[in-house]
Amino acid sequence: MTLLRFEPMKQCVGVNQAAKRWLEENSQYNYHSTNKLSPRTNVSENDDSIFVSMDLPGVKKEDIKLTIEDNILTIEGKKAEPQKDENTILHRNERVFGEFNRAFTLPKDVETDSVKANFVDGVLTIDLKKYVPAAKQERAIEIN
């Protein structure tokens, strides 16, 4: 009769690895392991502006649409899949293609007329000037 050594921790390591793999594959924050294009984005601000920068490698400028409505910035676009040769065999496919749509509720009201967007080297940068209400002015009223 063959005796097998009891190693309870070996099973725990296997469960831990399986859970980690499941989380990576099903995480909305994991860009590469999902089949949905969800570009990485940074949102920051200073005293005057809110800045949004989004990584969009391989996306053409004309395939991006920006809108602001009710203090929500929406960035839509598509990354086209390159043409495939029928004779080429694909061994691994981690690149994601297709349409994307990201919406961000802005932390402050912005001046929609002064929004500036720039797209250089696959990075979309948006500068949103914060709305500054006009200072209330006191007006003297003449008494007749």
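What does the secondary structure of the chain come to? In this predicted model, the chain comes to one helix and seven strands. Read along the sequence, the pattern is α-β-β-β-β-β-β-β. The chain has 144 residues, and buried residues make up 20% of them. Strands are found in two open sheets, one of four strands and one of three.

The four-stranded sheet has the order β1-β2-β7-β6, and its pairing is antiparallel. Its edge strands are β1 and β6 (116–120), each of which pairs on one side only. From one strand to the next, the twist averages 15°. Strand β2 (residues 49–55) pairs with β7 in the antiparallel sense, over seven bridges. Within this sheet, Asp55 stands opposite Val123 in β7. On the other pairing of β7, five bridges join this strand to β6, again in the antiparallel sense. Here Val120 stands opposite Val123. Val123 thus appears in two pairings, opposite Asp55 and opposite Val120. Lys116 has Asp127 as its bridge partner in β7.

β6 and β7 form a hairpin with two residues between them. Asp121 lies in the turn and has a positive phi of about 55°.

The second sheet is also open. Its three strands follow the order β3-β4-β5, with antiparallel pairing. Strands β3 (64–69) and β5 (98–105) stand at the edges. Each has a single partner strand, so one side of each is left without a neighbour in the sheet. Neighbouring strands of this sheet are turned by 15° against each other on average, direction ignored. β3 and strand β4 (residues 72–79) run antiparallel and are joined by six bridges. One of the paired positions involves Lys65, whose bridge partner in β4 is Glu76.

How many salt bridges does a search of the whole structure find? The search finds three. One of them joins Glu45 to Lys130, with the closest N and O atoms 2.4 Å apart. This pair links distant parts of the chain, the two residues being 85 residues apart. Glu45 belongs to strand β1 (residues 41–45), whereas Lys130 lies in the segment after β7 (123–129). The surroundings of the two partners can be set side by side. Glu45 has a relative accessibility of 42%, so this residue counts as partly exposed. Lys130 has a relative accessible area of 12% and is therefore buried.

Another salt bridge is formed by Asp127 and Lys129, whose side chains meet at 3.5 Å, N to O. Is Asp127 buried or exposed? Asp127 counts as buried, because its relative accessibility is 17% and the limit for buried is under 20%. Lys129 counts as partly exposed, at 29% relative accessibility. Asp127 also takes part in the sheet, as the bridge partner of Lys116.

The remaining salt bridge is that of Glu81 with Lys84. Their closest N and O atoms are 3.2 Å apart. Glu81 is partly exposed, with a relative accessible area of 43%. Lys84 reaches 61% relative accessibility, so this residue counts as exposed; the cut-off for exposed is over 50%.

Pockets were examined next. Rolling a probe the size of a water molecule over the atoms shows where empty space is left. The largest pocket has a volume of about 230 Å³. Which residues that line the largest pocket are the closest to its centre? Of the 13 lining residues, these are Glu81, Pro82, Lys84, Leu90 and Asn93. The lining divides into four nonpolar, three polar and six charged residues. Glu81 and Lys84 are thus among the residues closest to the pocket centre, and they also form a salt bridge with each other.

Technical notes
Residues numbered from 1 in each chain as written. Predicted model: local features only at pLDDT ≥ 70, side-chain atom pairs only at ≥ 80, totals over all residues. Heavy atoms only, no water. Salt bridge = Lys/Arg side-chain N within 4 Å of Asp/Glu carboxyl O. Buried < 20%, exposed > 50% of the residue type's maximum accessible area, 1.4 Å probe, protein only. Pairing = 2+ DSSP bridges. Axes fitted to C-alpha atoms, helices over the stretch in contact; angles between N-to-C directions. 1 Å grid on protein atoms, 1.4 Å probe; cavity = no way out; pocket = protein on both sides within 12 Å on 5 of 7 lines; lining within 4 Å. Points joined across faces, edges and corners; volume = space filled by probe spheres on them. Nonpolar A, V, L, I, M, F, W, Y, C, P; charged D, E, K, R; others polar.
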